[in-house]
Amino acid sequence: MNRKGFTLIELLIVVAIISILAGIVLVGLRPSLQTARDARRVAEIKQIQTGLQLYYNREGRYPDLLNQLLVTNGGVVTALPLTDPSSKNYGYTYDEPVGGYTLGTMFEEQATQATQNQVTTGRADEVDCTAEKAYCVSF
């Protein structure tokens with residue numbers, strides 16, 4: 001008897017091999033995904049800084065809270081990333097006596113030379129700027 005097709009065992013072996021290969025690829029991609037999310041955090045911090053400067057140019061001071069930058073709250077921008085890729089709020093602290101601010105986030109990976117802290121002291125809301133994985137900017 002001459003049958004065409006695959007047996008159940010053969011199909012299970014192929015599915016197992018494909019699953020193992022997919023697992024290896026996903027584990028290999030994880031560091032790249034972390035790096036991409038960290039790069040997005042840096043880009044969004046720069047967007048927020050631009051919004052802060054626009055607000056300062058109009059109001060003569062920085063806002064007390066980040067959501068005050070939005071037009072719906074009397075601000076100057078229509079959209080703004082208020083949370084990072086992992087849905088945590090960006091840290092923001094307005095220092096009224098000094099007239100400046102500190103803005104920060106936490107990286108998933110160690111900060112590299114290109115994204116090293118510009119501020120290494122203090123806090124930006126919940127973000128401790130002295131932490132190794134912290135990225136904080138101040139103005």
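1. A friendly place to start is Ser-87, which is exposed at a relative accessible area of 61%; exposed means over 50%, buried under 20% and partly exposed in between, with a 1.4 Å probe and protein chains only. Ser-87 sits in the loop between helix 1 and strand 1. Its phi is near 70 degrees, a positive value in a residue other than glycine. Most residues other than glycine have a negative phi.

2. Please keep in mind that this is a predicted model, where local features need pLDDT of at least 70, side-chain atom pairs count only at pLDDT 80 or more, and totals for chains, interfaces and linings use all residues. Residues are numbered from 1 along each chain as its sequence is written, and side-chain values use heavy atoms, with hydrogens and water left out.

3. Now the overall layout. The protein chain has one helix and five strands, in the sequence pattern α-β-β-β-β-β. Helices here are DSSP runs of H or I with at least four residues, strands are runs of E with at least two, and both are numbered from the N terminus. Of the 139 residues in the protein chain, 30% are buried. About 9200 Å² of the protein chain is exposed, with carbon and sulfur atoms supplying 59% of that area; accessible areas come from the Shrake-Rupley method with a 1.4 Å probe, and for residues only the protein chains shown count as cover.

4. On contacts, defined as heavy atoms within 4.5 Å: taking those in the protein chain between residues at least 6 apart in sequence, 49% join residues at least 24 apart.

5. The sheet is open and has three strands in the order 1-2-5, paired antiparallel; two strands pair if DSSP finds at least two bridges between them. Strand 1 (91-95) and strand 5 (134-138) are at the edges with a single partner strand each, so one side of each has no neighbour in the sheet. From one strand to the next, the twist averages 15 degrees. Strand 1 and strand 2 (residues 100-106) run antiparallel and are joined by five bridges. Asp-95 is placed opposite Gly-100 in strand 2.

6. Helix 1 (residues 8-59) lies across strand 1, strand 2 and strand 5, and runs at about 160 degrees to strand 2. For such angles, axes are lines fitted to C-alpha atoms, for helices over the stretch in contact, and the values run from 0 to 180 degrees between N-to-C directions.

7. Two residues of helix 1 are worth a look. Glu-44 belongs to helix 1 and is buried, at 7% relative accessible area. Not counting residues up to four places away in sequence, Glu-44 touches Pro-81, Thr-83, Asp-84, Pro-85 and Tyr-90. Ile-24 is also placed in helix 1, but counts as exposed at 56% relative accessibility.

8. Ile-24 is part of a nonpolar surface patch with Leu-8, Ile-9, Leu-12, Ile-13, Ile-17, Ile-20 and Leu-21, together offering about 840 Å² of accessible area. Patches are made of residues with over 30% relative accessible area and no salt bridge, joining like charges within 9 Å and nonpolar side chains (Val, Leu, Ile, Met, Phe, Trp, Tyr) within 5 Å. A salt bridge is a side-chain nitrogen of Lys or Arg within 4 Å of a carboxyl oxygen of Asp or Glu.

9. Lastly, Thr-78 lies in the loop between helix 1 and strand 1 and is exposed, with a relative accessible area of 75%. Leaving aside neighbours within four places in sequence, Thr-78 contacts Leu-70 and Val-71. The C-alpha atoms of Thr-78 and Gly-51 are 9.9 Å apart, with the two residues 27 apart along the chain.
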